[in-house]
Every structure is written in structure tokens, then in C-alpha cells.
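User: I would like to go through this model term by term, asking each time what justifies the word that is used.

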Amino acid sequence: MPRKKVNFTTACGSPLPMGVSRTPQGYNFALFSRHAEAVSLVFFRTKEEEPVFELELDPYRNRTGEVWHVLIKDFDPRLRYGYRLQGPCDPSGSGHFYQPDRIMLDPYAKALSGGSDWGVAYRRRGRRPDPLASFQRRCLYIEDDFDWEGDRPLNIPLEESIIYELHLRGYTCHPSSGVGNPGTYRGVIEKIPYLKKLGITAVELLPVAEFNELENTRINPATGERLKNFWGYSPLAFFAPKAAYAVNGRNGNQVREFKELVKALHAAGIEVILDVVYNHTAEGGADGPAISFRGIDNVIYYLLDPVTREYLNFSGCGNTVNCNHPWVRHVIMDCLRYWVMEMHVDGFRFDLASILGRGPEGEVLADPPMVEKIAEDPILAHTKIIAEAWDAAGLYQVGSFSSHHRWAELNGRFRDDVRRFLCGQQNSVAPLATRIAGSSDLYGHNGRQPGNSINFITSHDGFTLADLVSYSRKHNQANGEDNRDGDNHNIAWNSGVEGPSDDPAVVALRRRRVRTAAVILLLSQGVPMLLAGDEFGRSQQGNNNAYCQDNEISWLDWELAERNPDLVNFFRGLIALRKKYRLFRRESFFAAEPPPGQAEITWQALVPGRQDWSAEARVLAFQLHGGEGEPDFFVMLNSAPAARVFTVPPPPSGRRWRKLIDTAAAPPADLVAETKARPLRRPQVTVAGFGAVVLCC
């Protein structure tokens, strides 16, 4: 017998706050839409497809300016809701895209129903398959009643940070992870002891805002399996954590489980940085689904060609969010504040952040309001803000994204220059020195410092570190795009054999190059970012664009950590060394012209006092002069195939150089504790081809 439909007692309500909020009088709903001609609130019970009530809002009584609102006095917060909007649908004319046959998501929804089981499509009972069914979601009211037990932001200074980028599902989904709840927020909680022992200070999570992993329609040509949107760079709702990452992602529990993850990481002294996507949405191009923004106010939320009204596509994903429209700026700021205030996150990495600086016709703005607003917002004053300073249309702003000291940037120049050196390319030594010293050419103006540079060699987007030394070209056939996808410019060298090899010489060279890369990354000025799994040799089989691979290509194989404990220990030792000594994490750049006898860093080639910045140079060494009781360090790097002999500079009076690190040495001699490091017997040190040696005194 069908259940009775509900009826509500209503009042006109308030235009603020946006979304749904509980008041002493009832529950207030508010939605912005400038161009809608009629708006209805539609309510559903759990697991029921037909609405139980549809409330048409009175444009006189329930509208203030451009905000539609209503107060429901006897609302049952267990109900799901969405909006039906009516207005013109004229994409090539006015640009409006109203679709009253579809229920739109509230842009301010804090949680969505549906999608709680990863990879399981929503099915409409007794109806023909709907191509939009996998996008079917409803909005939930969430009560902000989580007990944080006094949890507060850690506020670790950026220059003190060591960032660890991971995919929330991929990190623990592999059977070898050994966790009780693989692929979930709680699964990551179970790995906190490992993270703490590794020594990182922050995890950077790939997108956790709701997305539809089933939107990918491609097939793996080798297996016939349908591919997924694994990475999640396709948001459905900016405010809502993904339900499928929860053990119980129903009835809003995903919000609680995400908060439990943040709280547990904070208790371990680890910050949480979110990879956020405000440059495009899952609605895609003109042939994409109407989910939320498109059917609420298309011409406000997206960049449209002023003549054709086609979507401007600077994101490479079909649409571009109109970030510098005053209202869209307001939504983005509310979202960032929510994640900080209510979810307690510590920072954001902005995907394709250059789009935040584009104007209404896609033009690059000189002083983008969105970029400045994020930097100057008082709520975000201690929140880490990191820009991926480029977009998919060729705009590359590394070093010039913003002059504001608050903005850090993913330093793509660091990645590329280090990779060139690791491959032994010409013209790589001088640029490498600039990167090691903190990239003053990029950030040494307008009051910025080394901490504005987020240094990385690998990330989710590209080769892993093991693949960087094992493949010279991408192998993305499993992505179903005939190997056309992914970057062709990898600056990678396979060490002599493409792919897996059991040649002892090749294996030893790869091992050495990985360790040398780790030395450069963790002993350079700036903020290091590691890719999860690099510390134990994870491979993606040469796939440099594994966005669609929900399988062992993307999942971390934790057996590698057991098979390669020496590599894990090498990373741990480097991280500990960096954290122990301030001269690896300076707050300011090295003085360009220090007073006589007060040099902070000294460069050389093979012999002290002789530098070689020529195109043919293959070696680089530098001495970091300790201060305030810290030792000196001397780092030697060799990108030539053959070993080179360095003459080390005289140590400070009364001290002796001791060898801490040799990336060519067999473990445990590759990195030894300072108390066990042996003094040099002579001032010459041999550094193997593509190797590194670090001394201290």
C-alpha cells in the first residue's frame, strides 16, 4: 500500500544563510537563481523514487531579490530534497538551460544520498535504463553536532611541512593494505601509525567532494572492463564529502566519518590538505547532464562564448566555472570556509588554479578578485593555500600566479629541472642549483620566500618515481584511448631497458636514481611533496594518466613496503634529517652577496672554488654552512653515467667530514645515523654515476 504523502506548515523564510539551516521556528531553505521563472522544493523519502511532496515557492512571498526561500516549520530532516526550476531553455541564444523535468541539487548541500556503494549504479525500478541514472542524487540535511573534543587547527608553518599526496580509496584498497575497512576514511585512519613513523606532516587528499565514478564510458581494451572516474576531478557538490569513501555512507554518515579522519590525523600531528576543484563540474559540455548549476543559472555559473553561447573550455573537461562572477566567488568562499570551520581541514590545493584568474570571457585578469579574496579572507588566514598554477588551455603561471605572500604554488619548474638532471640532459646543472636554493627566480620578489615553492618530482598526474626511472615513454593503452591521453613530455629515462628488468646493473641504477631524486627533493629549500607509495617503489606499469584505473595500477601494493624496507627507511631517514635541521627549511632565500666569511651556501663542481655552469656540466656540489649550533652539510650530485671524484672543501676548524648518505651504497650503508657515520680519511669522494653523497661535520 503506497505511503501517504506529506504536508508542511510553511512561512516565507529568510534569504540567508544559503542551503538548508535549522532555526527555532523550523528549517529554512534558500537558493539563488537570478533567471528562474518558477522554483519548487521537491521532497523524497529514503529509497523512494517518486516525490512525497512538491512545494511551489511564491515569487512574491518566497523571494528576496534573486534568492528563493521558504521556512518549513514541521520538516522531517530525514527527507531528501532537491529543486525543480522552470525558465527558458535556449542554450545557443540566451544561454539558459532550464530543465524542469530534472531535479537539481542544492549547490550548498552538505551531503548527498545515493552513491554510497562505490561503483554501484542507481537503478530506477520498473523503468528503462536511464543514461543519467548514475548521476541521480538527492540532498540531505546535516546537523553540525560532531564532538571534536577540543580539536583545533595544527597551524604547522608551511616551511616546516612535508606533504604526502594520496588517493583516499587507492591508498588502502589493495588486499595487501591489511586494514579492516579498505578504500575508506577509516582505512586511512588505520594507516596513521605508518604515516607518523614515515614522518610526514600533512596528507594531501585527492578530491573527496562528491563525484560520479561511473561517468566514464570507456572500456579497458585488454580486459573489456568499464573504466571509472577514479581520481574524482569532476565534482557534483562542492560541500559534500564522498559517501562511497565511508564505511556507512548513508543518511549523512559520510560527514561524520570524514570528520573522524581529520580528528584522528590531527591527534597524530598530521594536517589535512584537500585537493579542490572549482574550475569545472561534472555537468561537462553541452551534451552533459544537468545536475545543479546548469539547471539553476547556467549563464551565471559558467563561462559562455559571448556570441555562440558555447561553453568555454579552459579546464579540458567541457565547461569552466565563472569563478570571478561576484556570486560564484561568494559560493566558493562559503565552501572553503565550511571545510575549514566545520570540517577542520588545514589547507587546499586548487586544481587548475589559473582558471581562478580568468574573467567573464576567459581573459586573464591582472588582479583576479577570486585569487585576492582567498588570500585575504580572515577565516582562511592560517589555512594553507596552494595553486596548481596552470590550466588546460596552455596558461602557465608558475612563479607569477599571484604576488600575494599567502599563495604557495606547485613548482612545475622544480619537477622538470630535477628530472632533466636525473636524465643527464644538457643545460641541467645551473637550473638545478636554482631549484635547490628555493627558486628565488620565481619567488624572490614581492616578499615571497622559499615556502611559496611546493617542490615535487612526481604526483598523481604522471609517472610514479619508480616508473620515472623505468620507462622513457607512457604506456596508457589500458585507458582505452589508444595511448593518446596523458602527457608526452615526461622527461623520463628508463635506465637502459623499457619496463620491468631483472638485469642487476639496470636494477642497481634505478635504485640509485630513485634515492638520488629523494635526496634532491628532501634537502632542497622549499616545501617537499611526496607521492604516496614512492617511498616503497610503487609502479603504475608505465601509465602516466591513471585517472580511470580502479585496480592494481592505481592501488598501493603494501607488499612492496615489506619487500623494499631499505627504501622506506631511506625516505624516513631523509625526512628525519630535514626535520632535525633548520638549514634545510629556511624561511628566507640565501643572501646574494653575503659579507666576507659569512657565506650561507657555497657551490662547486669537482673542486672547491670552481663552479661549472656550462651546458655540458654533469656534476654539482654545494656546502650548506650551519649556524646556531647546526652542522655543515656537503652534498655531491653526479648526473654522468660514470663515477666522478669530488674534492671536498676543508671542514670548519676542529671538525671532520662524515659520510651520512651514499645512494650507490648497499643498505644500510646508503643512509646511516649521524652517530654511526665514519669520518672521511681523505678529501676525495667518489660519487657513482647518477648518484648522490651527503657529508656532515
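Analyst: What follows takes up the barrel, a helix beside it, the second sheet, the cysteines and some backbone geometry.

User: Before that, what kind of model is this, and how are residues numbered?

Analyst: This is a predicted model, in which local features need pLDDT of at least 70 and side-chain atom pairs count only at pLDDT 80 or more, while totals for chains, interfaces and linings use all residues. Residues are numbered from 1 along each chain as its sequence is written, and side-chain values use heavy atoms, with hydrogens and water left out.

User: What makes β16 and β17 a pair of strands?

Analyst: Strands are DSSP runs of E with at least two residues, helices are runs of H or I with at least four, and both are numbered from the N terminus. Two strands pair if DSSP finds at least two bridges between them; β16 and β17 run parallel and are joined by four bridges, so the criterion is met. Within this pairing, phenylalanine 348 stands opposite isoleucine 385 in β17, and arginine 349 stands opposite isoleucine 386.

User: How do you know that β17 also pairs with β18?

Analyst: Three bridges join β17 to β18, again in parallel, and tryptophan 407 in β18 is the bridge partner of isoleucine 385. These strands belong to a closed barrel of eight strands with parallel pairing, in the order β11-β12-β15-β16-β17-β18-β19-β20. The twist from one strand to the next averages 30°, where axes are lines fitted to C-alpha atoms, for helices over the stretch in contact, and angles run from 0 to 180 degrees between N-to-C directions.

User: Which residues of β17 are called buried, and which way do they point?

Analyst: Buried means under 20% relative accessible area, exposed means over 50%, and partly exposed lies in between, with a 1.4 Å probe and protein chains only. Lys384 and Ile386 point one way from β17, Ile385 and Ala387 point the other way, and all are buried.

User: Why is the connection from β16 to β17 called right-handed?

Analyst: The chain crosses from β16 through α6 to β17 as a β-α-β crossover. The term applies if, with the strands pointing away from the viewer, the path from the first strand over the helix to the second runs clockwise, and this crossover is right-handed.

User: What makes one face of α6 the buried one?

Analyst: In α6, which spans residues 369-376, Met370, Val371, Ile374 and Ala375 are buried. Seen down the axis of α6, the buried residues fall within an arc of 130°, so they line one face of the helix; the arc is that of the directions from the helix axis to the C-beta atoms. The buried residues of α6 pack against α5 (326-341), β16 (347-350), β17 (384-387) and β18 (407-410), contact being heavy atoms within 4.5 Å.

User: Which strands of the antiparallel sheet are called edge strands, and why?

Analyst: The open sheet of five strands has the order β21-β22-β23-β27-β25, with antiparallel pairing. Its edge strands are β21 (601-604) and β25, as each pairs on one side only. The twist here averages 15° from one strand to the next. Six bridges join β22 (residues 619-624) to β23 (residues 633-638), and phenylalanine 633 in β23 is the bridge partner of leucine 624. Helix α8 (residues 429-436) packs on the sheet, touching β21, β22 and β23, and its direction makes about 25° with that of β22.

User: How do you know that cysteine 173 is in no disulfide?

Analyst: A disulfide is a pair of cysteine sulfur atoms within 2.5 Å. For cysteine 173 the nearest cysteine sulfur, that of cysteine 548, is 15 Å away, so the cut-off is not met. Cysteine 317 is likewise in no disulfide, with the sulfur of cysteine 323 as the nearest at 13 Å, and the structure holds zero disulfides. Cysteine 173 is buried at a relative accessible area of 14%, whereas cysteine 317, at 35%, counts as partly exposed.

User: Which residue other than glycine has phi near 55°, and is that residue buried or partly exposed?

Analyst: Asparagine 155 has this positive phi and lies in the loop between β10 (138-139) and β11 (163-166); at a relative accessible area of 40%, asparagine 155 is partly exposed. Serine 495, with a positive phi of about 65°, is buried at 5%.
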